[in-house]
Amino acid sequence: MNRQRRPSQLRLPVLAVGAALAVTTVAACGSAAPAGSAGGSAAGSPSSSPITVGMSLPMTGPVADVSKSGYQGYKLWASQVNAAGGLLGRQVKLDMLDDGFDPNQTAADYTRLISQDHVDLLLGTFSSLLNAPASAVAARQGMLYVEPSGGAATLFTRGFTDLFFAQPGTTATLPDRFVTWIASLPASERPATAAYVTQDDPSASPAVAVFKTKLAALGVRAVYYQVYDPSTTNFDSIASAIAHAQPQMIIQGAVADDGAQFVRSLQKLNYDPKILFQTNAPTDEAYPAAIGGAANADGVFTAQSWSAAAAYPGNQSFVTAYTKMFGAPPTEDAANSYTAGQVLQAAVKAVGRLNQGALAAWLHDNTVATIVGPLR
């Protein structure tokens, strides 16, 4: 693992999980539901109506900032597809609904997109919490579902054959680079103790469990473990208990604002562990300001599925185009949604028609070149 700075000016040392992999994978699992439309528009179809791509995103609620950049990644992808002539000779139109980070609303939105809006294709939302119900709706309706986020192992044990995860690794592999780095340290420098705290989340909680198991195998002793409710905003009692336990390292399964809120509680106690690893939260561009400035981010680690500095084909063009369109560099979430669009586009172009079963079958059999590397 390279303890490196993010390419932006957030000054966070990160683990660029995907960037260093020569061959990456899409976790693909799927449904026994019948395939989607048997026909669909083919290349050269006389239809001039747009191809509608539906998605529901948490544009309001606790992860709204993340979703904004994620939606922008989708919009950039669609604009570039349309500028190049569209899909199957037809323009692409995005149909986006707001689920407010509510799993029930997510399910309702994807049901509406399929049954009422009659979208031609689907793209996924953000977090395992929301992608679980969304992908289940898609599976019941026989629709291909490519998700930019949602790597919890539980999503891929439901027998779905048309669910595709467009990142280089899932929750189960998220800790690998960090754990490898810890293992590489001389024994005198390796943390001897660790505290584990995680939001009760289908992605964060399992990742922390993997951290705990793998670090224990290296001799790192757990001195504290706590799961907190997603509604938690005050971490003072948890921080106090951790400070009392005096761990040399803290691993937090954070989802959004809970990452910065936890750090602020530690700051009240002037407790500064040697190493703090947090999932998700440090990738938010607002994170350094939320914890009192970039200097406070020193010693904070996270994992990312994408790096602006990666040399994969199209990545630098993506960074340039996104920055020009939206006035700021892309975030990891923007890159993830753009990647999901690339996966969907590759399948439609290769198959030549909007046949859901054929699109899924092609993705099972082929590798797609993306800005995060080759996905299979």
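In this predicted model, buried residues make up 55% of the 376 residues in the protein. The fold contains 11 helices and 16 strands. About 14,800 Å² of the protein is exposed, and carbon and sulfur atoms supply 52% of that area. Among contacts with a separation of 6 or more, 72% join residues 24 or more positions apart.

In soluble globular proteins, nonpolar side chains tend to be buried together. Here, the largest nonpolar core holds 64 residues. Within this core, V53, W77, L94, L123, V146 and F318 touch the most other members. Helix α10, residues 332–351, gives the core its largest share, 9 residues. Another core lies apart from this one. This other core has 22 residues, including V197, A239, A254 and Y271.

V53 illustrates the contacts of one residue in the largest core. Residues up to four places away in sequence are not counted. V53 then touches V92, K93, L94 and D95, as well as L121, L122, L123 and L344.

A charged residue, D258, presents another case. D258 sits in helix α7, which spans residues 258–268. D258 is buried, yet has no salt bridge. The nearest side chain of opposite charge belongs to R264, 9.9 Å away. A salt bridge requires the charged atoms to lie within 4 Å. Polar partners are present instead. The D258 side chain makes a polar contact with the side chain of Q199 at 2.9 Å. The D258 side chain also reaches the backbone nitrogen of V255 at 3.0 Å. Beyond its neighbours within four places in sequence, D258 is in contact with Q199, Y228, F235, Q252 and G253.

Methods: Residues numbered from 1 in each chain as written. Predicted model: local features only at pLDDT ≥ 70, side-chain atom pairs only at ≥ 80, totals over all residues. Heavy atoms only, no water. Helix = DSSP H or I, 4+ residues; strand = E, 2+ residues; numbered from the N terminus. Buried < 20%, exposed > 50% of the residue type's maximum accessible area, 1.4 Å probe, protein only. Polar contact = N/O pair within 3.5 Å; in protein donor to acceptor, adjacent residues only side chain to side chain. Contact = heavy atoms within 4.5 Å. Areas by Shrake-Rupley, 256 points an atom, 1.4 Å probe, with all protein chains shown as cover. Core = buried A, V, L, I, M, F, W, Y, C linked by side-chain atoms within 4.5 Å.
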